[in-house]
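Trainee: I am new to this structure and would be grateful for a close look at one part of it. Please choose a single residue, describe its surroundings with care, and then work outward to the rest of the chain.

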Amino acid sequence: MAAMRKITPEHYAMAYYLGREVYHERLSYTEAVAKLADIGMNKTSASFSIGNLRQMINGAAYHRAMSNEQTRYFLDSIQQDDGLPGLKKAVAAFAEHLPYLRKSNQNRMPGLTALLAEYAARLEENPAETDAVDDLIDKPEGNSSPDRAARTGSYFRRDPKIRAHLVKRANGKCEFCGRAGFLMPDGNRYIETHHIIGLAKQGPDTLANVICLCADHHRESHFGVNASQLEAKFSAILATPIKRQTLG
């Protein structure tokens with residue numbers, strides 16, 4: 001039997017980046033696993049890492065074990081990207097993971113239990129659910145001349161006719177709250193389109209699955225605690241005959 005390849009900090013970083021790309025539907029799960037395999041990560045570990053990250057972002061329990069180092073990297077990265085609200089969900093997922101792990105691998109428990117206590121204490125020091133990362137670290141100096149970094153990846157091809165039809169149907173307004181988008185230089189109002197069932201989840205790119213939203217509700221549909229409830233409300237709006245009649 002071949003020895004399991006060691007998961008390195010480079011693998012943690014790439015798994016996190018590619019896992020976020022999958023979560024935001026900019027890359028397929030299969031493509032992400034293949035990219036991780038290309039840099040030497042075991043495909044099983046790659047698959048578990050991407051799945052665990054999705055669960056941590058959603059605040060749901062995950063059942064695949066990760067090292068203390070990788071768990072710490074994911075928690076710190078989620079806090080950096082999503083603030084304390086994101087960290088709170090990730091820590092909740094981590095806490096729910098430990099009872100499952102206790103049944104299968106007692107050897108990992110002491111280190112992971114201490115790690116959970118460390119991040120729980122961090123949240124207790126900053127109870128407000130705000131993006132308060134600066135409360136935890138020194139004020140960063142930034143970079144007056146940031147380097148340009150190339151980013152490559154795959155994406156789902158969308159039908160431009162679908163978006164054009166939807167934008168015309170919405171007439172510049174969020175189809176959920178009715179708020180008009182801001183005016184752009186071409187005289188049109190800015191509006192975003194959202195797949196209710198994501199393309200990465202095999203959702204169709206059809207009029208019955210796409211709604212026009214303001215930027216706030218689009219972000220909430222991806223990151224908000226009420227994302228699943230919003231999904232149901234969006235579907236109900238698209239199923240309403242009056243909405244279908246806006247284009248005559």
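Mentor: Let us begin with Y23, whose place is in helix α1. Please bear in mind throughout that the model is a predicted one. Is Y23 buried or exposed? Its relative accessible area is 17%, and because buried means under 20%, Y23 counts as buried.

The contacts of Y23 show what surrounds this residue. Leaving out residues up to four places away in sequence, Y23 touches R54, I57, N58, H222 and F223. Two of these names, H222 and F223, belong to a distant stretch of sequence: Y23 and H222 stand 199 residues apart along the chain, yet their C-alpha atoms are separated by 9.1 Å. Such long-range pairing can be set against the chain as a whole, where 62% of the contacts with a separation of 6 or more are between residues 24 or more positions apart.

H222 and F223 fall within helix α7, which covers residues 215-223. H217 lies in this helix too, and H217 is itself buried, since its relative accessible area is 15%. Beyond four places in sequence, H217 is in touch with C174, F176 and C177. One of these, C174, belongs to a core of nine residues, which also includes I196, L230 and L238.

The remaining contacts of Y23, namely R54, I57 and N58, lead to helix α3, where these residues take part in the meeting of α3 with α1. Two packed helices are described by the angle between their axes and the distance between the axes. For α1 and α3 that angle is about 65°, and the axes lie 9 Å apart. The crossing of the two helices is right-handed. On the α1 side, the residues involved are A15, Y16, G19, R20, V22 and Y23; on the α3 side, they are S49, I50, L53, R54, I57 and N58. Sorted by class, this contact consists of seven nonpolar, three polar and two charged residues.

I50 deserves a separate word. This residue lies in helix α3 and is buried, because its relative accessibility is 2%. Neighbours within four places in sequence aside, I50 is in contact with G19 and V22, and also with Y29, A32, V33 and L36. Y29 and I50 are 21 residues apart in sequence, and the distance between their C-alpha atoms is 7.9 Å. The helix α2 spans residues 29-38, and the contacts of I50 with Y29, A32, V33 and L36 therefore connect α3 with α2 as well as with α1.

Between α1 and α2 runs a loop that contains E25. The phi angle of E25 is near 65°, a positive value in a residue other than glycine. E25 is buried, with a relative accessible area of 12%. N171 offers a second case of positive phi in a residue other than glycine, with a value near 55°. N171 sits in the loop between α6 and β1, and there the relative accessible area is 61%, so N171 counts as exposed.

We may now turn to the interior. In soluble globular proteins, nonpolar side chains tend to be buried together. Here the largest nonpolar core holds 33 residues, of which M56, L75 and F94 touch the most other members. At least two residues of this core come from each of α1, α2, α3, α4 and α5, and the largest share, 11 residues, is supplied by α4. F94, when residues up to four places away are not counted, touches Y62, T71, L75, L112, L115 and L116.

R72 is another residue of helix α4, and it counts as partly exposed because its relative accessibility is 31%. Beyond four places in sequence, R72 is in contact with L115, E118 and Y119. R72 and Y12 are 60 residues apart in sequence, with 9.9 Å between their C-alpha atoms.

Finally, the whole chain. Its secondary structure comes to nine helices and two strands, arranged along the sequence as α-α-α-α-α-α-β-β-α-α-α. Of its 248 residues, 36% are buried, Y23 being one of those that count as such. The accessible surface amounts to about 15,100 Å², and carbon and sulfur atoms account for 52% of that area.

Definitions and conventions. Residues are numbered from 1 along each chain as its sequence is written. This is a predicted model: local features need pLDDT of at least 70, side-chain atom pairs count only at pLDDT 80 or more; totals for chains, interfaces and linings use all residues. Side-chain values use heavy atoms; hydrogens and water are left out. A nonpolar core is a set of buried Ala, Val, Leu, Ile, Met, Phe, Trp, Tyr and Cys residues joined through side-chain atoms within 4.5 Å. Buried means under 20% relative accessible area, exposed over 50%, partly exposed in between (1.4 Å probe, protein chains only). Helices (H or I, at least four residues) and strands (E, at least two) are DSSP runs, numbered from the N terminus. Contact means heavy atoms within 4.5 Å. Axes are lines fitted to C-alpha atoms, for helices over the stretch in contact, and angles run from 0 to 180 degrees between N-to-C directions. A crossing is left-handed if the near helix is turned anticlockwise from the far one by less than a right angle, and right-handed if clockwise. Ala, Val, Leu, Ile, Met, Phe, Trp, Tyr, Cys and Pro count as nonpolar, Asp, Glu, Lys and Arg as charged, and the others, Gly among them, as polar. Accessible areas come from the Shrake-Rupley method with a 1.4 Å probe; for residues, only the protein chains shown count as cover.
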